[in-house]
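Good morning, colleagues. I should like to take a few minutes of this meeting to go through one structure, element by element. Please look at the sequence and the structure on the screen.

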Amino acid sequence: MYVGGFRKLFDYKGYVIEKVRLTEEVAQVNLRRDRRFTLTCPHCGAKMGKNRTSRQTARDLPLGPARKVILVYEAIQGRCSTCDSFATIRPPGIPEGGQATWRLMSFVSCCARFMPLSRISKLLPVSTATAYRWDKKVLAAELPEPNLDDLEVLLIDEKSIGKHHDYVTVVLDGQTGELLHMAEGKKKKSLQSFFDRLTDEQKSVTEAAAMDRAGAYKEVVSEQIPKADIVFDKFHIIKNYHDVIDEVRRQEWRAASEEDKDLVKGQRYNLFRKPDNLTEDQKRELEELLEVNENISTVYVMKDQLRKLWSYVRPDRAEQYLLYWRQLAKKSSLEALKDFADSLLEAKEQVVNHFRHEITLGPLEGFNNLISRILHRACGYTDIEYMFLKLRRESLAQS
Ligand SMILES: [Zn+2]
């Protein structure tokens, strides 16, 4: 069989095509060592002696209708007398111990960006488990290390992953949205391991760190970057406020008549979502509820009022507004709302810090969308290292 045209497709330096065998579904390409090339030691580059040759195989990219392509090649085990080491020579692009060429693994990794791992086996003869292994390997090799210099603003958050309410701690670069750190749990040590990687100089440039009021992060941040301002940002405060809505909603549901229970039921997300994101039906449901239930209506309206806080630019004006909002809250008879207002005022400094720094929450919100999408695609692989790599790739693509 004439193999000349294939040379460009299987252009492995030091190897030539010996033969190509094609069936409808499988292509087998045999490579043999090109005798014109001398064997050189991969460690020191000196000429190397050959001890023995063995036949090995590696999977490669699909070729025409043949989805399964197998390279059969001579692996040459040699010994370098210059640096006294052993080495195995393979066609370039086949990693050590590799059952596949790097270009096939990269292709699988690329597919894994856009479809769930389980779907890849419909496209290529690769099992889900193999696709997972390859994707992880390619990401680990190709993604740059996190850039830990010039981190002026940090966004710190906890995220729930998996089915068992496992949490991870994440740190993003507040300016670029780059995912810098991800560790199991939401305790002090989950964040401490991030700061352990920073030098004193790298720590000294951080001006602000945004986070949730609850949780263990505040203490670590005050210890590690004492000069940085702690910011309780809009995103987290609104999230906290949703707990107030939830509590009032549950109270009202318990107190409601059978008929009114139906009205309260199923409205949780209508109350949380921005009005713009509701369908016409959802809007109507919500309006009906707000009309008949005064307490739910109050917490809902107060959320709208709270949001207005972040339309301020000047810290002093924002502080005034916060005081005003608390007064409004205190006029209600809802304990959950009043308690929330008090706790917010207690954290006044950290809330107002938002207006002293350029904190944009785009990266965090974008990241939240990302995490649910990626979790879905990784289909059940709750491997934190893998999640980190996948999220990191997307966070870099965004910035
Ligand atoms: Zn050597």
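In which loop does glycine 174 lie? Glycine 174 belongs to the loop between β7 (166-173) and β8 (179-184). Before I go further, please bear in mind that we are looking at a predicted model.

Glycine 174 has a relative accessibility of 3%, and because buried means under 20%, this residue counts as buried. Its surroundings, setting aside residues up to four places away in sequence, consist of contacts with Val153, Leu154, Leu155, Thr360 and Pro363. As for its place in the wider model, the C-alpha atom of glycine 174 is separated by 34 Å from that of lysine 283, and these two residues are 109 apart along the chain.

Let me move to serine 190. This residue is part of helix α4, which covers residues 188-195. Is serine 190 buried or exposed? Serine 190 counts as buried, because its relative accessibility is 3%. Its side chain comes to 3.4 Å from the backbone oxygen of glycine 185. Glycine 185 also appears among the residues that serine 190 touches, together with Thr169, His181, Ala183 and Glu184, when residues up to four places away in sequence are not counted.

I turn now to the cysteines. How many disulfides does a search of the whole structure find? The search finds zero. Cysteine 111, for instance, is in no disulfide: the nearest cysteine sulfur belongs to cysteine 110 and lies 5.9 Å away. Since a disulfide requires sulfur atoms within 2.5 Å, that separation does not qualify. Cysteine 111 is nevertheless buried, because its relative accessible area is 7%. Cysteine 41 likewise counts as buried, at 3% relative accessibility.

Next, two loop residues with backbone angles that deserve comment. Most residues other than glycine have a negative phi. Aspartate 84, which is not a glycine, has a positive phi of about 55 degrees. Where is this residue found? Aspartate 84 sits in the loop that runs between β4 (68-80) and β5 (85-89). With 54% relative accessibility, aspartate 84 counts as exposed, because the cut-off for that class is over 50%. Aspartate 150 also has a positive phi, near 55 degrees. Its loop is the one between α3 (128-142) and β6 (153-161). Aspartate 150 is exposed, with a relative accessible area of 55%.

Let us proceed to leucine 271 and the helices that follow. Leucine 271 lies in helix α9, residues 268-272, and is buried, with a relative accessible area of 1%. Which residues does leucine 271 contact, leaving aside its neighbours within four places in sequence? The list is Ile245, Arg249, Leu286, Leu290, Ile296, Tyr300 and Lys303. By C-alpha position, leucine 271 is 67 Å from valine 16, and the two are 255 residues apart in sequence.

Helix α10 (residues 280-292) and helix α11 (residues 294-307) have axes that come within 5 Å and cross at roughly 115 degrees. On the α10 side, the contact is made by Leu286, Leu289, Leu290 and Val292; on the α11 side, by Glu294, Ile296, Ser297 and Tyr300. By class, six of the residues in this contact are nonpolar, one is polar and one is charged. Leu286 and Leu290 of α10, along with Ile296 and Tyr300 of α11, take part in this contact and are also among the residues that leucine 271 touches.

I shall finish with helix α16, residues 384-398. Its 15 residues reach 21 Å from the first C-alpha to the last, close to the 21 Å expected at 1.5 Å a residue. At the start of the helix, a side-chain oxygen of aspartate 383 comes within 3.0 Å of the backbone nitrogen of glutamate 385. How many residues of α16 are buried? The helix is mostly covered, with 11 of its 15 residues buried. Among them are Ile384, Phe388 and Leu391, but also Lys390, Arg392, Arg393 and Glu394.

Glutamate 394 merits a last remark. It counts as buried because its relative accessibility is 9%. Not counting residues up to four places away in sequence, glutamate 394 touches Arg113, Leu370, Arg373 and Ile374.

Thank you for your attention.

How values were computed
Residues numbered from 1 in each chain as written. Predicted model: local features only at pLDDT ≥ 70, side-chain atom pairs only at ≥ 80, totals over all residues. Heavy atoms only, no water. Helix = DSSP H or I, 4+ residues; strand = E, 2+ residues; numbered from the N terminus. Buried < 20%, exposed > 50% of the residue type's maximum accessible area, 1.4 Å probe, protein only. Polar contact = N/O pair within 3.5 Å; in protein donor to acceptor, adjacent residues only side chain to side chain. Contact = heavy atoms within 4.5 Å. Axes fitted to C-alpha atoms, helices over the stretch in contact; angles between N-to-C directions. Nonpolar A, V, L, I, M, F, W, Y, C, P; charged D, E, K, R; others polar. Expected span 1.5 Å × (residues − 1).
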